[in-house]
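Here are a few exercises to work through with the model open in your viewer. Try each task before you read its solution.

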Amino acid sequence: MKKIILYLICIFSLNSHSKEIISSFKISSSNKNLKKIANRFEIKHKLKDQYLIYVLEDKVDEFKQLAPNAELLQKDINKNIRDKELSGYHTFSEVQKKYKSLAKEFSDIAKLENYGTSAKGRPLFALKISDHVNLDENEPKLMFTSATHGDELITVEVQMSLVEELLRSYSSEPRLKRMIEENQLYFIPVVNPDGFSKRSRYSSGRVDPNRD
């Protein structure tokens, strides 16, 4: 009987766009659990005498029990793609450095305020923007946050752009100047620094800090 080679792709989800760790395995049709494998895991494609099968992270142990002799072909085949996609986003330390720099450059209307540390000991901070930044005035207080989930990378970039636009246009743009003079604005760039540092939705294990 002609042997059929199965290629199984194991996906370990990191809960962020294109951040899956994908490892490829090979088994033959002589595997006595072949029918169970076909029944329990999604067969994505059939290519001649080969199949592409997706195995989710929480099913990997089950797969290994059914195919203990599976040959690992390549681990994390999407790493180069993922690294390239993430290369344009700021790291947590870069975000800290950027906000410290802005607070120093625009010290008359901006200052950093620390409000604690994360579970992993990373600093929690906000940038306050106001025309009398060292006073607690009787004005509306508005808070802007980003990266509540660690994999929401683009939100940090958007907030940084907004903050920089406000500060640099304060003297020249009446509409933005009015926003700063009539309000006390607080910008928290990274709500979840532990998850953000891992580029993961979760700060620890499978715990969602926005819901758990």
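Buried means under 20% relative accessible area. Keep in mind that this is a predicted model.

**Exercise 1.** Work out whether Phe92 is buried or exposed.

*Solution.* Start with the relative accessible area of Phe92, which is 7%. The cut-off for buried is under 20%, so Phe92 counts as buried. Now do the same for Phe125: at 5%, that residue is buried too.

**Exercise 2.** Classify the ring pair of Tyr99 and Phe125.

*Solution.* A pair of aromatic rings is described by the distance of the centres and the angle of the planes. For Tyr99 and Phe125, the centres are 6.2 Å apart and the planes stand at 65°. Planes over 60 degrees apart count as edge-to-face, so that's what this pair is. Next, place the two residues: Tyr99 is in helix α4 and Phe125 in strand β7, so the pair ties together parts 26 residues apart in sequence.

**Exercise 3.** Find the cluster that ring pairs build around Phe125.

*Solution.* Search the whole structure and you get 3 aromatic pairs. One of them joins Phe92 and Phe125, a tilted pair with 6.4 Å from centre to centre and 40° between the planes. Add Tyr99, and ring pairs link Phe92, Tyr99 and Phe125 into a cluster.

**Exercise 4.** Say which strands stand at the edges of the open sheet, and why one side of each lacks a neighbour.

*Solution.* First write down the strand order, β6-β7-β9-β8, with mixed pairing. β6 (110-117) and β8 (141-145) are at the edges; each has a single partner strand, so one side of each has no neighbour in the sheet.

Definitions and conventions: Residues are numbered from 1 along each chain as its sequence is written. This is a predicted model: local features need pLDDT of at least 70, side-chain atom pairs count only at pLDDT 80 or more; totals for chains, interfaces and linings use all residues. Side-chain values use heavy atoms; hydrogens and water are left out. Two strands pair if DSSP finds at least two bridges between them. Helices (H or I, at least four residues) and strands (E, at least two) are DSSP runs, numbered from the N terminus. Rings of Phe, Tyr and Trp (its six-membered ring) pair if their centres lie within 6.5 Å; planes under 30 degrees apart count as stacked, over 60 as edge-to-face and the rest as tilted. Buried means under 20% relative accessible area, exposed over 50%, partly exposed in between (1.4 Å probe, protein chains only).
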